[in-house]
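Could you walk me through this structure, one question at a time? I am new to it.

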Amino acid sequence: MKSLLFLSFTLLTLIFVPQVSAQTATPSARPVPKREAVRTMIAEKKTERIEKLSAIRKERILNFSNKMIVRLEATVLRIEKLITRIESRIVKIEENDEDIDVEPIKTSLDEAKQALALIKIELASLKESLQEIPDATDPKVVFEEARNSLKEIKEGLKDVHGMLVAIIGNIKGLRIGDKWIIN
């Protein structure tokens with residue numbers, strides 16, 4: 001009976017178990033045109049993304065440059081206002097006491113004016129170069145040149161301001177009591 005049971009069990013398992021055919025390790029071949037279509041779609045999306053990022057970069061560069069130009073122009077205006085105040089002070093000193101020699105102060109003030117005029121010229125050229133950045137083929141190079149020019153303008157403004165501070169110190173140092181003297 002055991003052998004009959006074993007034989008029937010074996011036959012049943014062979015009948016009801018599906019036959020498994022051997023599978024190969026190679027993948028099925030996809031049609032080539034579909035792969036090419038996917039590759040072109042990916043390339044299009046990549047170029048679109050790059051263009052979008054470059055447009056955002058250009059907009060940010062323009063915003064930054066415009067803010068810097070406004071700040072530098074405001075600084076130049078403040079320095080010009082300070083120069084006119086110093087000039088009016090020198091005129092008042094000359095009117096009150098003709099014995100005081102203010103020529104060294106005037107020459108220092110003229111040097112400061114000339115330096116400020118050069119800075120204005122550099123600022124105008126910086127404006128032009130910053131407007132060229134978005135349209136440039138290599139904006140990194142143009143932006144680097146603009147940054148260097150910006151640093152030079154800042155240093156020039158600091159130098160002019162230092163000159164004006166020294167001039168103001170000389171003007172304030174002229175008065176001792178009721179008399180004016182030069183250091």
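What follows is a short set of questions and answers on the fold and a charged patch.

This is a predicted model, where local features need pLDDT of at least 70, side-chain atom pairs count only at pLDDT 80 or more, and totals for chains, interfaces and linings use all residues. Residues are numbered from 1 along each chain as its sequence is written, and side-chain values use heavy atoms, with hydrogens and water left out.

Reader: In what pattern do the helices and strands of the protein chain follow along the sequence?
Author: Helices (H or I, at least four residues) and strands (E, at least two) are DSSP runs, numbered from the N terminus. The chain has 4 helices and 2 strands. Read along the sequence, they give α-α-α-α-β-β.

Reader: Which helix gives the most to the positive patch?
Author: Lys67, Arg71, Arg147, Lys151 and Lys154 gather on the surface in a patch of positive charge. At least two of its residues come from each of helix H2 (32-96) and helix H4 (139-172). With 3 residues, the helix giving the most is H4.

Reader: Is arginine 147 buried or exposed, or in between?
Author: Arginine 147 sits in helix H4. Buried means under 20% relative accessible area and exposed over 50%, with partly exposed in between (1.4 Å probe, protein chains only). Because its relative accessibility is 37%, arginine 147 counts as partly exposed.

Reader: What share of the residues of the protein chain count as buried?
Author: Here the same kind of accessibility is applied to the whole chain, which has 183 residues. The share that counts as buried is 20%.

Key
Patches are made of residues with over 30% relative accessible area and no salt bridge: like charges are joined within 9 Å, nonpolar side chains (Val, Leu, Ile, Met, Phe, Trp, Tyr) within 5 Å. Accessible areas come from the Shrake-Rupley method with a 1.4 Å probe; for residues, only the protein chains shown count as cover. A salt bridge is a side-chain nitrogen of Lys or Arg within 4 Å of a carboxyl oxygen of Asp or Glu. Lys and Arg count as positive and Asp and Glu as negative; His and the chain ends are not counted. The place of a charge is taken as NZ of Lys, CZ of Arg, CG of Asp or CD of Glu.
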